[in-house]
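Hi everyone, thanks for making time. I'd like to walk you through a structure with you looking at it as I talk, so please bring it up on your screens.

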Amino acid sequence: MDILNLQYNFENMRLGEYRLLNKQNFLFLLFLNIIISVSTINREYNLIITYGNLSPDCVQVNVSQQSSLLVNGQFPGPEIRATYDDILIINVFNKLESEDLTIHFHGLFMNNTPHLDGVPYISQSPIKPNASFTHVFRVQLVGTFFYHSHVGLQAITVFGPLILEDKLSQSLSDIVLMLSDWWHTDRLIQEQGLFSPTFTFVGEPTSILLNGKTMYNSSYTCSHGYHVINVTKNQMYRLRIIGATTLATLNFAIAGHTLTLIEVDGNYVKPLEVSYLEIASGQRYSALFITNNITDNYYMFADVRWRKNIAHNGIGILHYENASDAPNTIVPDKSLLPYLPPETNIYLADSLQLQNDTLSLPSNADREIILIGTQVRNYDGGIRWAMNNVIYISPNSSYLLNDLYFNNKSLISSSNDLSNLTNGGYYAPDNTYPIRKNEVIDFVIQNTVALNGVCEGHPYHTHGHNFWDISYGDGEYDPNNLSNIHVIPHPILRDSIFVKPSAYAYYQYVNSTNYKKSCGWKKIRLIADNPGIWPLHCHIVSHMMMGMQIVLEEDLQDLRILYAKDLLTSRSTSIFTTIFTTIPVVFYILNFFIYEKLRRKFGLEE
Ligand SMILES: [Cu+2]
């Protein structure tokens with residue numbers, strides 16, 4: 001209907017028909033315009049970190065008020081969901097009395113925004129109590145990610161899913177499952193123990209949680225019990241599994257259902273059917289499953305591998321619609337749990353292939369950097385982890401990106417030849433590994449036996465990058481001994497790997513002095529295409545705190561920071577929003593007056 005028609009034929013028709021915008025249409029148009037003008041541009045989330053009491057495994061523990069942390073009063077934290085190309089605005093509020101805070105977006109590259117990477121004293125000054133920090137960045141990846149605190153052991157509970165959607169994900173029913181580990185020990189005492197001259201390790205987790213829940217054992221019950229996933233029969237679901245543990249590597253399966261793997265750390269892979277998945281700290285997988293079994297309840301099980309003295313209580317329930325109520329406060333008989341195999345030195349990577357054939361592995365590396373992780377005695381008698389004999393000690397006043405980039409104090413430039421680097425690539429004055437623009441670098445990560453004679457597996461994660469997962473082997477990496485080098489047939493890209501112990505592991509532990517013996521390695525190939533300051537570290541949070549970390553100083557000459565104001569163009573956004581939302585209002589008012597005028601003029605009844 002055209003507004004100009006109002007001038008004609010009004011005598012013959014009911015005037016009401018000329019109301020171009022009735023209340024319903026008006027509200028609909030207003031709503032539509034708000035959606036158009038707001039949602040396609042920005043998605044804003046607040047993450048408020050506070051203290052809170054938690055008993056996720058039903059055991060009320062005697063710990064300090066400051067031990068457990070919540071995000072927006074929840075555990076795990078709320079889901080952040082966005083679509084490719086959205087602008088994410090994430091406001092982080094530190095409501096802790098005496099602790100610093102930062103939030104890292106695990107797996108995101110933060111291109112042009114290394115200042116938002118959330119690593120304390122590396123990418124930013126930590127958020128002080130009662131202060132806040134806003135991350136504004138454009139979503140340039142799709143897949144399954146998560147956010148977590150990067151300060152101390154806060155990540156035990158300060159984490160939540162970060163789901164970046166594309167067309168495929170929008171067409172599938174999506175279930176997010178976060179796996180994490182939990183202790184009955186006070187977190188702050190655990191932190192002190194790591195740095196004490198007498199050294200106390202954080203210990204093995206007392207429980208494994210599925211979306212923040214489990215039951216410690218049959219002696220304890222509580223109303224929440226196990227996490228229950230509700231499904232409908234004969235549907236396909238995409239299960240997004242997030243390894244949010246701070247220590248444990250888990251084997252995971254669902255009884256009566258096979259998993260078809262389709263995504264690894266934000267990269268689609270050719271579908272691969274698996275009966276279980278090994279998920280190390282920081283790793284994510286998407287797997288499709290079909291609810292084609294008998295209508296019933298099925299147990300999910302996440303069980304620790306590669307360590308000893310472990311809790312076998314990582315249980316959850318898949319509940320079919322119309323099945324009897326899920327028995328979520330009764331510890332099940334072990335026979336009802338899905339079978340999970342023991343540790344294996346064979347990597348899943350051997351069976352994987354990227355979905356995108358156009359991405360190709362650079363055939364050669366410009367440099368190879370061997371990173372040997374060793375456990376060492378600290379000068380005070382305590383225990384630390386070192387990478388190439390350097391215990392990583394974080395700055396504690398000014399942050400590294402500030403010093404090396406904003407204040408231009410970097411003592412090395414990409415144009416310099418790198419011959420003055422020691423230790424295979426380390427630059428002591430900056431405490432970094434400088435890398436040049438577009439360099440292709442192979443990092444070989446070498447495990448060695450710890451002081452107690454045991455070789456541990458270490459999950460490594462790179463910030464600012466993913467990498468090609470290209471080869472692995474037993475014992476010590478020797479580029480001249482090809483028989484010891486297993487080349488992965490179709491390398492994939494990912495950002496988190498697990499370097500398995502090839503010998504002297506906990507599960508095969510023999511009590512002898514093997515200290516510093518080489519016990520398994522993995523090689524990754526990284527392309528230096530993202531200027532910034534990027535940590536590469538063991539994702540066992542206690543190991544990282546003890547020094548198992550290096551920092552890449554990458555091509556700072558070409559870094560151009562994108563600030564919030566560049567991305568948000570806040571003024572034009574608000575003008576845009578105002579115009580769009582004003583149109584229907586003006587139209588409605590105008591229409592009302594015209595209608596009233598005409599009605600009065602012709603004395604028509606409504
Ligand atoms: Cu480690």
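I'll start with the overall picture and then go through some of the strands and their partners.

First, please keep in mind that this is a predicted model. The average pLDDT for the protein chain is 90, and 87% of the residues reach at least 70. There is one stretch I'd ask you to treat with care: across residues 1-18 the pLDDT is below 50, and in the model this stretch has 15 contacts beyond near neighbours in sequence. Where pLDDT is low, the predicted coordinates should not be read in detail. I'll leave that stretch there and move on.

What is the chain built from? The protein chain holds seven helices and 31 strands. Of its 606 residues, 44% are buried. If you take the contacts between residues at least 6 apart in sequence, 78% of them join residues at least 24 apart.

Now to the sheets. Let's take the six-stranded one. This is an open sheet, and you can trace its strands in the order β10-β9-β12-β17-β14-β15, with mixed pairing. Which strands stand at the edges? They are β10, residues 207-210, and β15, residues 267-274; each has a single partner strand, so one side of each has no neighbour in the sheet. From one strand to the next, the twist averages 25°.

Within that sheet, please find β9, which covers residues 173-182. Seven of its 10 residues are buried, so β9 is largely enclosed by the rest of the structure. With β10, strand β9 pairs in the antiparallel sense, over four bridges. If you'd like residues to click on, Ser180 has Leu209 in β10 as its bridge partner, and Asp181 stands opposite Ile208, also in β10. β9 also pairs with β12, residues 236-243; these two run parallel and are joined by seven bridges. There, Ile175 has Leu239 of β12 as its bridge partner.

Next, a four-stranded sheet. This one is also described as open and mixed in its pairing, and the order is β3-β8-β7-β5. The edge strands are β3, residues 80-83, and β5, residues 103-106; each has a single partner strand, so again one side of each is left without a neighbour in the sheet. Here the twist averages 20° from one strand to the next. For a pair to look at, take β7, residues 143-149, and β8, residues 159-165: they pair in the antiparallel sense over six bridges. Phe146 stands opposite Pro161 in β8, if you want to check the register by eye.

My last stop is β23, at residues 440-448. Is β23 mostly covered or mostly uncovered? Mostly covered: eight of its nine residues are buried. One partner of β23 is β20, residues 367-377, and the two pair in the parallel sense over six bridges. In that pairing, Ile372 stands opposite Gln446 in β23. Another partner is β29, residues 518-527, which runs antiparallel to β23 and is joined to it by eight bridges. For that pairing, look at Val444, whose bridge partner in β29 is Lys523.

So, if you keep two strands in mind from today, I'd suggest β9, with seven of its 10 residues buried, and β23, with eight of its nine residues buried. Thanks for listening, and I'm happy to take questions.

Conventions. Residues are numbered from 1 along each chain as its sequence is written. This is a predicted model: local features need pLDDT of at least 70, side-chain atom pairs count only at pLDDT 80 or more; totals for chains, interfaces and linings use all residues. Two strands pair if DSSP finds at least two bridges between them. Axes are lines fitted to C-alpha atoms, for helices over the stretch in contact, and angles run from 0 to 180 degrees between N-to-C directions. pLDDT is the predictor's confidence in each residue, from 0 to 100. Two residues are in contact if their C-beta atoms, placed from the backbone, lie within 7 Å. A residue is buried if 20 or more other C-beta atoms lie within 10 Å of its own, exposed if 12 or fewer, and partly exposed in between; C-beta atoms are placed from the backbone.
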